[in-house]
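Could you walk me through this model, one selection at a time? Please tell me what to click on next and what I will find there.

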Amino acid sequence: MLKIHHLGHSQSERVLWLCEELGLAYEMHKYTRDAVTRLSPPDLKALHPLGAAPVLETDGVLLAESAAIIEYILGRHGEGRLQYGPDHPDFAAYLYWFHFANGNLQPVIMRALTASRCGLPADHPVVAATQDRLGKVLALMEDHLAHNDYLAGGDFTAADIMTVFSLSTMRLFYPFDLAPYPSIRAYLARMGGRPAYQRAMAKGDPDLTPLLQ
């Protein structure tokens, strides 16, 4: 049995969504953020040294990092679903967009969030550089999604599961406007319409209305 330690309003929604897409049985242990700090509670911090979610427990394994957990579950239980192998023509695109989520998109949003909480003025060089980078990242995604229904090409894959959090739930922490990006908004609407996504969010974050526009 997969035991998923899920922190509300966090990247661990990815793991719930993956399990729902694959039809896997899992046990969810939910944790609630501190009302003041918005950080993990002590019992989650006691589970893993970094005090972050998600954390997966299965077969004597304790594994953190959402991307690692998703790759682990796909490797052990995916049976080739939601991923492309080396012989697939879109294998490189799948790898790129799978790692783009936590390699480019999420980090630049976190930099923007940090700058905003530091109270830096809009014309500060750090703020300007961060906003420029965020604009480039979103423009790249917009152009790609204008010609593709899914990030890795014609099929829904784990690359999409990795990405949606940063474009939706992350905006609870750092609001950014997607109005200039109609293809990203159309993409989010498609993702939000998936029954597995809806089930995962209803189970993991029933108090949250996903930001899909």
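Here is a short tour of this predicted model, stop by stop.

**Stop 1: helix H1**

Start by selecting residues 13-22, which form helix H1. This helix is mostly covered, with nine of its ten residues buried. Colour the buried ones if you like: Glu13, Arg14, Val15, Leu16, Trp17, Leu18, Cys19, Glu20 and Leu22. Just after H1 comes Gly23, and its phi is positive, near 70°.

**Stop 2: the ring cluster**

Stay on H1 and show the side chain of Trp17, which is buried with a relative accessible area of 2%. Now add Tyr197, which also counts as buried, at 2% relative accessibility. Across the whole structure a search finds nine aromatic pairs. In the pair of Trp17 and Tyr197, the ring centres are 4.8 Å apart and the planes meet at 70°, so this pair is edge-to-face. Trp17 sits in helix H1 and Tyr197 in helix H8, so to speak distant parts of the chain, 180 residues apart, are linked here.

Next, add Tyr150 and Phe156. They make an edge-to-face aromatic pair as well, 6.1 Å from centre to centre with 75° between the planes. Both Tyr150 and Phe156 are buried. With four residues on screen, you have a cluster: ring pairs link Trp17, Tyr150, Phe156 and Tyr197.

**Stop 3: Arg194**

Keep Phe156 in view and select Arg194. Its charged end sits over the ring of Phe156, 3.6 Å from the ring centre. Arg194 also forms a salt bridge with Glu21, where the closest N and O atoms are 2.8 Å apart. Arg194 belongs to the loop between helix H7 (182-192) and H8, while Glu21 is in helix H1, so the pair ties together parts that are 173 residues apart in sequence. For another charge over a ring, go to Arg171: its charged end sits over Phe176, 5.9 Å from the centre of the ring.

**Stop 4: more salt bridges**

Side chains of opposite charge can pair when their charged atoms come close. How many salt bridges are counted here? The count comes to five. Select Arg199 and Glu20 to see one of them, with the closest N and O atoms 2.8 Å apart. Arg199 lies in helix H8 (residues 195-204) and Glu20 in H1, so this bridge ties together parts that are 179 residues apart in sequence. Is each partner buried or exposed? Arg199 is partly exposed, with a relative accessible area of 37%, whereas Glu20 is buried at 9%.

Now move to Arg76 and Asp59, a salt bridge whose closest N and O atoms are 3.6 Å apart. Arg76 is in helix H3 (residues 66-77) and Asp59 is in the loop between strand S3 (55-58) and strand S4 (61-64), 17 residues apart. Asp59 counts as exposed, at 56% relative accessibility. Before moving on, add Lys203 to your earlier selection: salt bridges that share partners join Glu20, Arg199 and Lys203 into one network.

**Stop 5: the largest pocket**

Finish by turning on the surface. The largest pocket holds about 650 Å³ of space. To find its centre, select Ser10, Gln11, Arg33, Ala52 and Ala53, the closest to it of the 26 lining residues. Which element gives the largest share of the lining? Helix H4 (residues 91-117) does, with five residues. By type, the lining divides into twelve nonpolar, nine polar and five charged residues.

Terms used. Residues numbered from 1 in each chain as written. Predicted model: local features only at pLDDT ≥ 70, side-chain atom pairs only at ≥ 80, totals over all residues. Heavy atoms only, no water. 1 Å grid on protein atoms, 1.4 Å probe; cavity = no way out; pocket = protein on both sides within 12 Å on 5 of 7 lines; lining within 4 Å. Points joined across faces, edges and corners; volume = space filled by probe spheres on them. Helix = DSSP H or I, 4+ residues; strand = E, 2+ residues; numbered from the N terminus. Nonpolar A, V, L, I, M, F, W, Y, C, P; charged D, E, K, R; others polar. Salt bridge = Lys/Arg side-chain N within 4 Å of Asp/Glu carboxyl O. Buried < 20%, exposed > 50% of the residue type's maximum accessible area, 1.4 Å probe, protein only. Phe/Tyr/Trp six-rings, centres within 6.5 Å; stacked < 30°, edge-to-face > 60°. Lys NZ or Arg CZ within 6 Å of the ring centre and 35° of its normal.
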